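Biologist: I would like to go through this protein with you step by step, asking about one part at a time. Could you show me the sequence and the structure before we begin?

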Amino acid sequence: AFITLFGISAISTTLLHTLFATYGHLAVPPERIIVFGDRTQWDPLFQELSCAVFRRLLPVAYLEPTDERELLSLASLHPHAKTIVIADPTIAERRCVREFLETAPKKGYNVRYLPLLAEQTIIRIPLSVAEAFREYYAVLLNSIAPNALKRVFDILIALAGLLVAAPLMAVIGILVSFTSGMPILYRQKRVGLSERPFTIHKFRTMKNPLDADAAQFADEADDRITPLGRILRKTRLDELPQLWDVLVGNMSIIGPRPEQQEFHERFSRDIPFYRDRTRVRPGITGWAQINFAYASDRAQTARKLEYDLFYIVNQSLLLDLHILLKTVETVLGMRGSK
């Protein structure tokens, strides 16, 4: 009887959870919002935001108010919309809007700013939002300062990791040498903190050591990867020597992945805010790595940057611990690497 009851409970709980997660949001009335901004510019983003939260966001109007009459008519035109989202900072600076926002909470309105709404909902900073609120993010990014506690954390983790992984690293080194010859490690110039170049270390995974010197995405180098190299990349064991890079201060355990010099210069010209990745030390793992895996073109690189910006602006010990736990899950599942 106990086993039967346990089985029924487990199955029913799983089924109810699946049904609730899939269809539950349909039973909850959407949150009606008024957006101060342009529909053409922001409607795609709000559709994404709506899909990312349990209670859907339903923009009932996109407005660019220029006088007090438009603002006073909101209550009668949209009586059920009690949330105002500021999607354009220039609108918020208008005198009539600024005065209206000061008294909006007393009138029952909940005022939200798009940068915070986007970050809290999709855990990244869309570049369209970063560009629209450039001054806001410039202040946040310029306030980033070295974190002494994080550096201590990096040293302790790197030391412990090198000690624990030393036997495994010795075995990997022997296997690399036996299957594809010398050298065991490959070294490559990468861009680090404050755009300073440094040499990154990995176990060699390509047939020809010179293949690693050319700037290329992993997909473009697949035919050059050795059989052992595929296993090392899939499990990310090829990155163990980077614990030394962390120990000497060139990298951190957690941060944006260090980019090749050629790609860094190219993307810095083409993608806004790309240089801001170097405001912190590059990491072995990071927020972008666990949420977006690998980028193999410019568009994916831009999306991955959005996660990097989120981490740089919101970095904390709690977030670092979350990333470490997710990294273990990612590695054990052999996901997110090339």
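Biologist: Which residue caps the N-terminal end of α15?

Modeller: Please keep in mind that this is a predicted model, so the distances I give you are computed from its atoms. Helix α15 covers residues 298-314, and a side-chain oxygen lies 3.2 Å from the backbone nitrogen of A299 at the N-terminal end of this helix. The residue that supplies this oxygen, and so caps the helix, is D297.

Biologist: How many Å does α15 reach from its first C-alpha to its last?

Modeller: The helix has 17 residues, and at 1.5 Å a residue the expected span is 24 Å. The computed reach is close to that expectation, and its value is 24 Å.

Biologist: Is E306 buried or exposed?

Modeller: E306 lies in helix α15, where the buried residues include T301, A302, K304 and L305. A residue is called buried when its relative accessible area is under 20%, and E306 has 8% relative accessibility, so it counts as buried.

Biologist: Which side chain does a polar contact of 2.5 Å join to that of E306?

Modeller: Leaving out residues up to four places away in sequence, E306 touches R124, I125, P126 and L127. Among these contacts, the polar contact of 2.5 Å between side chains joins E306 to R124.

Biologist: In what order do the four strands of the open sheet stand?

Modeller: The pairing in this sheet is parallel, and one of the pairs is β1 (residues 31-36) with β3 (residues 83-86), which are held in register by four bridges. β2 (57-63) and β4 (110-113) have a single partner strand each and stand at the edges, so one side of each is left without a neighbour in the sheet. Neighbouring strands of the sheet are turned against each other by 30 degrees on average, with direction ignored. The order of the strands is β2-β1-β3-β4.

Biologist: Which residue of β3 is the bridge partner of I33?

Modeller: Strands β1 and β3 pair in the parallel sense, and residue 33 falls within the 31-36 range of β1. Its bridge partner in β3 is T83.

Biologist: How many of the nine residues of α7 are buried?

Modeller: Helix α7 (residues 114-122) lies across β2, β3 and β4, and runs at about 80 degrees to β4. Its buried residues include L114, P115 and L117, and the helix is followed by I123, whose phi is positive, near 45 degrees. Because so much of α7 is buried, it is largely enclosed by the rest of the structure, and the number of buried residues is seven.

Biologist: Which helix gives the largest share of the largest nonpolar core?

Modeller: This core has 56 residues, of which W42, F46, L49, L114 and W287 touch the most other members. The largest share amounts to seven residues, and the helix they come from is α15.

Biologist: Which residues is W42 in contact with, leaving aside its neighbours within four places in sequence?

Modeller: W42 is among the residues that touch the most other members of the largest nonpolar core. With the neighbours in sequence left aside, its contacts are G37, Y62, A87, L114, S128, V129 and A132.

Biologist: How many residues belong to the second, separate core?

Modeller: This second core is separate from the one that holds W42, and its members include I34, L71, A81 and F100. The number of residues in it is 15.

Biologist: How many bridges join β5 to β6?

Modeller: Strand β5 (residues 185-191) and strand β6 (residues 197-203) run antiparallel, and one bridge pairs Y186 with K202. Their hairpin has five residues between the strands, and S194 takes a positive phi near 55 degrees there. The number of bridges that join the two strands is seven.

Biologist: Which residue of β8 stands opposite V191?

Modeller: Strand β5 also pairs with strand β8 (residues 259-260), in the antiparallel sense and over two bridges. The residue of β8 opposite V191 is E259.

Conventions: Residues numbered from 1 in each chain as written. Predicted model: local features only at pLDDT ≥ 70, side-chain atom pairs only at ≥ 80, totals over all residues. Heavy atoms only, no water. Pairing = 2+ DSSP bridges. Axes fitted to C-alpha atoms, helices over the stretch in contact; angles between N-to-C directions. Contact = heavy atoms within 4.5 Å. Buried < 20%, exposed > 50% of the residue type's maximum accessible area, 1.4 Å probe, protein only. Expected span 1.5 Å × (residues − 1). Polar contact = N/O pair within 3.5 Å; in protein donor to acceptor, adjacent residues only side chain to side chain. Core = buried A, V, L, I, M, F, W, Y, C linked by side-chain atoms within 4.5 Å.
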